[in-house]
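Here are a few exercises to work through with the structure open beside you. Try each task before reading its solution.

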Amino acid sequence: MNAIIRPFVATDKDACLALFDSNVPRYFDASERGDFSKFLDRPDGDYFVVEQATEICGCGGFVKEDRGQARFTWGMVDNARHGSGLGRLLAEYRLRAIKASGRFQEAELFTTPKIAPFFAKFGFDIVDIEKDGFAPDMDKVQMILRFASDDSKAS
């Protein structure tokens, strides 16, 4: 696969917006683009990009939430590369970083019903579904992965 994951820098913004655009309308609603663009101007928490052959082909991160859990933020892979293993690579990277920090007992994310089965493979459980939570006809699925007490300290 020969992909690397590195911290996001401001000059990655246009490439990340192109990733977003490649996933509209199937995985994101076009109305969310402005929120993502603002997020990229000042990302909360840790945010990363996936590069393959010097091309940014994925992005995602995590932030500490009010209840103390880690929440995945704005994760995506170029639509043309779905099924290539890059999404798994990015999810595993974020989970390792969360666990290595030793600061979290659980990870949380919000996704759509189309993507929820992907995250279930990592042990995330659905805890809530909000009808039209992202946009009309795009439900918001809340998922949580609770770490075993020794998992949160693992690297």
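The exercises below deal with a predicted model and move from its sheet to a helix and then to a pocket.

**Exercise 1. Work out the order of the strands in the open sheet and find which are the edge strands.**

Step 1. Trace the sheet from one side to the other: seven strands line up as β1-β2-β3-β4-β5-β7-β6.
Step 2. Check the directions; the pairing in this open sheet is mixed.
Step 3. Look for strands that pair on one side only: these are β1 (3-7) and β6, the edge strands.
Step 4. Add the twist: on average, neighbouring strands of the sheet are turned by 25 degrees against each other, direction ignored.

**Exercise 2. Describe how strand β7 pairs with β5 and with β6.**

Step 1. Recall that strands of a sheet pair through backbone hydrogen bonds, either parallel or antiparallel.
Step 2. Take β5 (residues 106-111): β5 and β7 run antiparallel and are joined by six bridges. One pair to locate is Glu106 with its bridge partner Arg146 in β7.
Step 3. Turn to β6 (residues 125-135), which pairs with β7 over six bridges, also in the antiparallel sense. Asp125 has Ile144 of β7 as its bridge partner, and Ile129 has Val141.
Step 4. Follow the chain between β6 and β7: they form a hairpin with two residues between them, and Asp137 in the turn has a positive phi of about 65 degrees.
Step 5. Finish with exposure: in β7 (residues 138-146), seven of the nine residues are buried, that is, under 20% relative accessible area.

**Exercise 3. Compare the reach of helix α3 with the expected value, and list its buried residues.**

Step 1. α3 covers residues 86-101, which makes 16 residues.
Step 2. From first C-alpha to last, α3 reaches 23 Å, close to the 22 Å expected at 1.5 Å a residue.
Step 3. The buried residues of α3 are Leu86, Leu90, Ala91, Arg94, Leu95 and Ile98.
Step 4. To read that list, remember that an α-helix has 3.6 residues a turn, so residues three or four places apart point the same way.
Step 5. Just past the helix comes Gly102, with a positive phi near 70 degrees.

**Exercise 4. Characterise the largest pocket by its volume and lining.**

Step 1. The largest pocket holds about 1,000 Å³ of space.
Step 2. Its lining has 38 residues, with Phe28, Gly75, Met76, Thr111 and Phe119 nearest the centre.
Step 3. By class, the lining has 17 nonpolar, ten polar and eleven charged residues.
Step 4. β4 gives the most to this lining, seven residues; among the other elements supplying at least two each are α3, β5 and β7.

Notes. Residues are numbered from 1 along each chain as its sequence is written. This is a predicted model: local features need pLDDT of at least 70, side-chain atom pairs count only at pLDDT 80 or more; totals for chains, interfaces and linings use all residues. Side-chain values use heavy atoms; hydrogens and water are left out. Helices (H or I, at least four residues) and strands (E, at least two) are DSSP runs, numbered from the N terminus. The expected span of a helix is 1.5 Å times one less than its number of residues. Buried means under 20% relative accessible area, exposed over 50%, partly exposed in between (1.4 Å probe, protein chains only). Two strands pair if DSSP finds at least two bridges between them. On a 1 Å grid over the protein atoms alone, a cavity is a set of points where a 1.4 Å probe fits but cannot get out, and a pocket is an open set with protein on both sides within 12 Å along at least five of seven lines; lining residues have an atom within 4 Å of a point. Grid points are joined across faces, edges and corners, and a volume is the space filled by probe spheres set on the points. Ala, Val, Leu, Ile, Met, Phe, Trp, Tyr, Cys and Pro count as nonpolar, Asp, Glu, Lys and Arg as charged, and the others, Gly among them, as polar. Axes are lines fitted to C-alpha atoms, for helices over the stretch in contact, and angles run from 0 to 180 degrees between N-to-C directions.
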